Amino acid sequence: MLTAVIARRSTPTALRALSTWSAVPAGPPDPILGVTEAFKADKDPRKINLGVGAYRDENGKPYVLTSVQKAEELVAASKPDKEYLPITGLAEFTKNAAKLAYGAESAPLKQGAIAVTQSISGTGALRIGGAFIGRHYPKAKVIYLPTPSWGNHTPIFRDSGLEVRGYRYFDKSTVGLDFEGMKADLKAAPEHSIVLLHACAHNPTGIDPTHAQWKEISDLVKEKNLFPFFDMAYQGFATGSISNDAFAVRHFVAEGHQVALAQSFAKNMGLYGERVGAFSLVTADPEEKARVDSQLKIVIRPMYSNPPLHGARIANAILSDAALYAEWETEVKSMADRIISMRETLYNTLTHDLKTPGEWGHIKSQIGMFSFTGLTAPQTKALAEKAHVYMTADGRISMAGLNSKNIEHFATSVDAAVRGNL
Ligand code: PLA
């Protein structure tokens, strides 16, 4: 017996068969971050990455906001220690993050009825929310996501133990919001279902409801006793205005909804890798908030114990200093404006200069970081392989990856792909 084991161990194939992980299947690359990997492996100087939604400046370079640089200097000058943060993070930061989202005048904020915790950026906020709902939501744990939605929403909520379903959102024929379909699906959802709403700059479609439509959605959510869970990953990126982009969240709260909210500071402060975010729940009163806070800690502690310090300190330095805040607001607006100007240029190049077949008006009308171009999966594949232009297979492009130097290569490549000439 022992000799047999030794004999088996002596050959490489036998070693393989003995491995604990031999039955683990290879998984597919991530639909968004996998695009970055393919882009990095491409050595062509013309290559363009329009996959991940990360802002790039006019030279195609990652951009560290001036307000962030100043905040970082302030933090460094204060020579802070490296002690652990509390489980729910930097208290001053979470207070200011909630104020940014809900508005200083928000009634539950003033009453001390919003439970808020720092999170590992927006993804972590969604995951804390999923886990908290999985444990404490008193009704059926079914969450409705817009179709389509950010690709990570489904695994986040499924891995949190929720049942994931979809509601209609995108109308292919109009390249706009399927408002009637959305309302019909929410009406047909069982009472008390959870509904995930992109607060602004819907990813991947770039299509947001109007204020009037948000009001109707709020009424419908109330009528059907649905539970609204907002994902606000792009506050400021849609219109360039922090308060405008918070319209939906603030309207729902003013209408008495108890919302859940995931916030990310990745895009609006350019703090991507610092992983700064917040998760909050509107509760009935300070006593209930304290109970919810205690359970948020119980959800978080076994996941990662407590959140990282540095990014929260930077964000808090900006949010708590009037001058830095004003400078940051201007920078958010300038990022949003550069994206809008790229939309304009791309539309004009495709429509007027190249006379590319098809209707491209949606490039101008869509909002936020992304444009849902309508390019097909085979076209996106050809663009990557033949033109070194990378985007997600659903035809989504990160507008922020375009600039005056690469937009011509992009537009002519798209033109060739659409004509079947690539
Ligand atoms: N929610 C939405 C709607 C998002 O688009 C993203 C990021 C997040 C949450 C989470 O971001 P965070 O954890 O970095 O705060 N979406 C990106 C990146 C920008 C990604 O996929 O991770 C995207 O390219 O779609």
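This is a guided tour of a predicted model, moving from its sheet to its helix contacts, its aromatic pairs and some backbone details.

**The sheet**

Begin by colouring the strands, and look for the open sheet of seven strands whose order is 2-10-9-8-7-3-4, with mixed pairing. Select residues 114-120 and then residues 163-168, which are strand 2 and strand 4, the edge strands of this sheet, each of which pairs on one side only. If you look along the sheet from one strand to the next, the twist you are following averages 25 degrees.

Now stay with the sheet and select strand 8, residues 227-232, together with strand 9, residues 260-264, which run parallel and are joined by four bridges. Within this pair of strands, pick out phenylalanine 230, whose bridge partner in strand 9 is leucine 261.

Add helix 9, residues 179-188, which packs on the sheet and touches both strand 4 and strand 7 (194-198); the direction of helix 9 makes about 140 degrees with that of strand 4. Next add helix 10, residues 211-223, which lies across strand 7 and strand 8 and runs at about 165 degrees to strand 7.

**Two contacts of helix 15**

Turn next to helix 14 (residues 310-319) and helix 15 (residues 322-353), whose axes come within 6 Å and cross at roughly 100 degrees. Because crossing angles of 65 to 115 degrees count as roughly perpendicular, helix 14 and helix 15 are described as roughly perpendicular to each other. To see what makes the contact, show the side chains of Ala317, Ile318 and Leu319 on helix 14, and those of Leu324, Tyr325 and Trp328 on helix 15. The residues of this contact divide into six nonpolar, no polar and no charged.

Keep helix 15 on display and select helix 4, residues 66-77, since the axes of these two helices come within 8 Å and cross at roughly 150 degrees. With angles over 145 degrees counted as roughly antiparallel, helix 4 and helix 15 are roughly antiparallel to each other. Here Thr66, Ser67, Lys70, Ala71 and Leu74 in helix 4 meet Leu324, Glu327, Trp328 and Glu331 in helix 15. The residues of the contact of helix 4 with helix 15 divide into four nonpolar, two polar and three charged. Leu324 and Trp328 of helix 15 can stay selected throughout this stop, as they are listed in the contact with helix 14 and also in the contact with helix 4.

**Aromatic pairs**

A search of the whole structure finds 14 aromatic pairs. Start with phenylalanine 170 and phenylalanine 372, whose ring centres are 5.1 Å apart and whose planes stand at 80 degrees, so that the pair is edge-to-face. Phenylalanine 170 lies in strand 5 (residues 170-171) and phenylalanine 372 in strand 11 (residues 370-372), so the pair ties together parts that are 202 residues apart in sequence. Phenylalanine 372 is buried, with a relative accessible area of 10%.

Then select tyrosine 234 and phenylalanine 370, an aromatic pair that is edge-to-face, with 6.0 Å from centre to centre and 85 degrees between the planes. Because tyrosine 234 lies in the loop between strand 8 and helix 11 (242-245) while phenylalanine 370 lies in strand 11, this pair ties together parts that are 136 residues apart in sequence. Tyrosine 234 and phenylalanine 370 are buried. For another group of rings, select Tyr55, Tyr63 and Phe237, which form one aromatic cluster.

**Backbone details**

Finish by showing the backbone, and go to the cis peptide bond that joins threonine 147 and proline 148, where omega is about 0 degrees. Proline 148 lies in the loop between strand 3 (142-147) and helix 8 (153-159). A cis peptide bond also joins asparagine 203 and proline 204, with omega about 15 degrees, and proline 204 has its place in the loop between strand 7 and helix 10.

Next select serine 121, a residue other than glycine whose phi is positive, near 55 degrees. Serine 121 is found in helix 7 (residues 121-136), and it is buried, with a relative accessible area of 2%. The last stop is arginine 275, where phi is near 60 degrees, again a positive value in a residue other than glycine. Arginine 275 lies in the loop between strand 9 and strand 10 (276-282), and at 30% relative accessibility it counts as partly exposed.

Conventions. Residues numbered from 1 in each chain as written. Predicted model: local features only at pLDDT ≥ 70, side-chain atom pairs only at ≥ 80, totals over all residues. Heavy atoms only, no water. Pairing = 2+ DSSP bridges. Axes fitted to C-alpha atoms, helices over the stretch in contact; angles between N-to-C directions. Contact = heavy atoms within 4.5 Å. Parallel < 35°, antiparallel > 145°, perpendicular 65-115°, else oblique. Nonpolar A, V, L, I, M, F, W, Y, C, P; charged D, E, K, R; others polar. Phe/Tyr/Trp six-rings, centres within 6.5 Å; stacked < 30°, edge-to-face > 60°. Buried < 20%, exposed > 50% of the residue type's maximum accessible area, 1.4 Å probe, protein only.
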